[in-house]
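Grab a pencil and open the viewer. Below are a few exercises, each with a worked solution.

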Amino acid sequence: MSADNTFRKPYVPKVEASWWLKNPFFTRYIIREGTSLVSLFVCLELLLGVFCFALSDAHGDVYLAYVNGFLGNIVIILLNLVALASCLFHAVTWFALMPKAVRLFMNKNSTELLPGYVPHIGLYLALVGATLVILVAAFVTM
Amino acid sequence: MHSNRSDEPIYWLLFGAGGMAVGVVLPAIVILMIVAGFQDVGEASGMLNFHQVGAVLGNWLLSAVLFGVIMLTAWHACHRIYHTLHDLTIRVTKLHWFVFYGLAAAITFAAAALQFLIYCQLW
Amino acid sequence: MANDKIMKITVTRYRPEQDAEPFQQTFDVPYHNETSVLEALFYIKDHFEPSLSFRWSCRMAVCGSCGMMVNGVPHLACKTFLRDYEGKAMTIAPLENFPIERDLVVDISDLIEKIERIKPYIIPAAKDKNMPLTKEYRQTPQQMEAYRQFAQCINCGCCYAACPQYKINKDYIGPAALTLLYRYDIDNRDAGSAIRDEFLSSENGVWGCTFVGYCSEVCPKHVDPASAIQLGKVKSATNYVIKMFKPE
């Protein structure tokens, strides 16, 4: 076949780095992925606390400087509030997608699938349960 | 055409477990840190005081749970950041891979070493 | 059509023999309650611009020919109605992430090649190799229900237009083909999982997906490709862990 007789000239648009700003769904997706930066911050915060604890003397001098000086810093408090919102946004998006990774039938012979809201609600119950247990335990032993 | 088998499953499983940790457990921990930030915390008074946290780090089960949360959050976050670089059309290289997965491994190692150290001293 | 309402429709045009790049053309199209986007395009072709090119065939969401971007979202033109955009302007563009051939016509041969690549047909087990063609395979209602939803794909390409991973990396096998792969993998009459695993478990297989989830959002047949791909990840990861402890 000769290539000379074709008028084909397929147009391939360039992929722009800002593609995720063009559709709210994609913007939400990138924000969802962006929560990982905040999670990393919380992770390092916890690690710093453990590190300060390890350095402390019998009265916890370094650790208490971490709690009162670092966690008590207004900038860190604000960042932690952002972190809380970020973790909850992550939880909402994560729980919403999780049912798609579950495909179970109601029983051995049924053609009815386990409804998606079962794992969805289950995850919210786990979040509420874990939060209550940790908060109650922390306030009781405070 | 890449048809070689990917090693992604191992990172994906850590990522998935980490996503659960961040979604289910981390909010409560962040709340505790915010509460502690508003208080004047002493050796045995206030939220996350020295004795309270000492009791957590001195209990093997609670310390292991805390280690799990720190480690899984690190793998979750690093894995996601690495993939998001690609989403932002940055050409990811082997170097990016080593930086992010290396960071996750370093956090895992540091948390394990420190928590083990604290546990042994308190024991 | 005297009492019809009018909608401003902006259509992307591209004539390869004379244009360097696509441009926009706007038309006032009268419509009534039942006018689909496809019919609006017929109207434009009949009344304003006979050279406007677009693909279509069945007009009933079965053939998968008329996928296009309506206000930036992948849709089947025959299944999308102007009444749902009342009071708004409408822009119609060719399906994203595919090379534009002419006007609203895109080249989906990459999608077709990927669907062929993953062997979308039943590969019988060795014991069934010589089974006579007159003998049927048994399948329970549950075994059929397991894959039925994933078999509804009409290859319209909407999920590829919705997929950022395919946008960035054209080697990614993509939603429709991976869904079909999973559909045959879980079919109890099929024994081709091991053959398809090189596609399923590759970097450009399920591991190229970051679960954006937009494919399932736009799928006109509610196939839910994102679900099939996540289930494929679970399958691939399970195989991986088993192989870790059981070398050949």
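Before we start, one cut-off: two residues are in contact if their C-beta atoms, placed from the backbone, lie within 7 Å. Keep in mind, too, that this is a predicted model.

**Exercise 1. Work out what share of the contacts in chain C with a separation of 6 or more comes from residues 24 or more positions apart, and set it beside the make-up of the chain.**

Solution.
- Start with the parts: chain C is built from nine helices and seven strands.
- Next, the extent: along the principal axes, the C-alpha atoms of chain C take up a box of roughly 70 × 40 × 35 Å.
- Then burial: 43% of the 248 residues of chain C count as buried.
- Now the contacts: among those in chain C with a separation of 6 or more, 66% are between residues 24 or more positions apart.

**Exercise 2. Find which residues of helix 2 of chain C are buried, and say how they are arranged around the helix.**

Solution.
- Helix 2 of chain C runs over residues 109-117, and its buried residues are C:Leu111, C:Lys114 and C:Ile115.
- Look down the axis of helix 2 of chain C: the buried residues stay within an arc of 100 degrees, so they line one face of the helix.
- Flip to the face turned away from that buried side, and you meet the exposed residues C:Ser109, C:Glu113 and C:Glu116.
- What do the buried residues of helix 2 of chain C pack against? Their partners are helix 4 (158-161) and helix 6 (175-185) of chain C.
- Step just past the end of helix 2 of chain C and you hit C:Lys119, with a positive phi of about 55 degrees.

**Exercise 3. Describe the fold pattern of chain B, then decide whether chain B is a compact globule or more spread out.**

Solution.
- Count the elements: chain B has four helices and zero strands.
- Along the sequence, that reads as α-α-α-α.
- Compare the radius of gyration with the rule: chain B comes out at 18 Å, well over the 14 Å that the globule rule gives for 123 residues, so chain B is more spread out than a compact globule.
- For the dimensions, the C-alpha trace of chain B spans about 60 × 30 × 25 Å along its principal axes.
- On burial, 45% of the 123 residues of chain B count as buried.
- As for contacts in chain B with a separation of 6 or more, 59% are between residues 24 or more positions apart.

**Exercise 4. Dissect the side of chain B that touches chain A.**

Solution.
- Chain B and chain A put 46 residues each into the contact.
- Helix 1 (8-38), helix 2 (50-57), helix 3 (60-87) and helix 4 (94-122) of chain B each bring at least two residues to the side that touches chain A.
- Helix 1 of chain B gives the most, with 16 residues.
- By type, this side of chain B splits into 32 nonpolar, ten polar and four charged residues.

**Exercise 5. Do likewise for the side of chain C that touches chain A.**

Solution.
- Here 27 residues of chain C meet 21 residues of chain A.
- Elements of chain C that give two or more residues include strand 6 (100-102), helix 3 (141-148) and helix 8 (214-218).
- The largest share, five residues, comes from helix 9 of chain C.
- Sorted by type, this side of chain C has 14 nonpolar, five polar and eight charged residues.

**Exercise 6. State how far apart the centres of the two domains of chain A are.**

Solution.
- The domain assignment of chain A gives domain 1 (15-89) and domain 2 (102-142).
- Taken over C-alpha atoms, the centres of domain 1 and domain 2 of chain A are separated by 26 Å.

Notes. Residues are numbered from 1 along each chain as its sequence is written. Chains are lettered from A and ligands numbered from 1 in the order in which they are written. This is a predicted model: local features need pLDDT of at least 70, side-chain atom pairs count only at pLDDT 80 or more; totals for chains, interfaces and linings use all residues. Domain bounds come from an automatic or database domain assignment. Ala, Val, Leu, Ile, Met, Phe, Trp, Tyr, Cys and Pro count as nonpolar, Asp, Glu, Lys and Arg as charged, and the others, Gly among them, as polar. A residue is buried if 20 or more other C-beta atoms lie within 10 Å of its own, exposed if 12 or fewer, and partly exposed in between; C-beta atoms are placed from the backbone. The arc is that of the directions from the helix axis to the C-beta atoms. The radius of gyration is taken over C-alpha atoms; the globule rule is 2.2 Å times the number of residues to the power 0.38.
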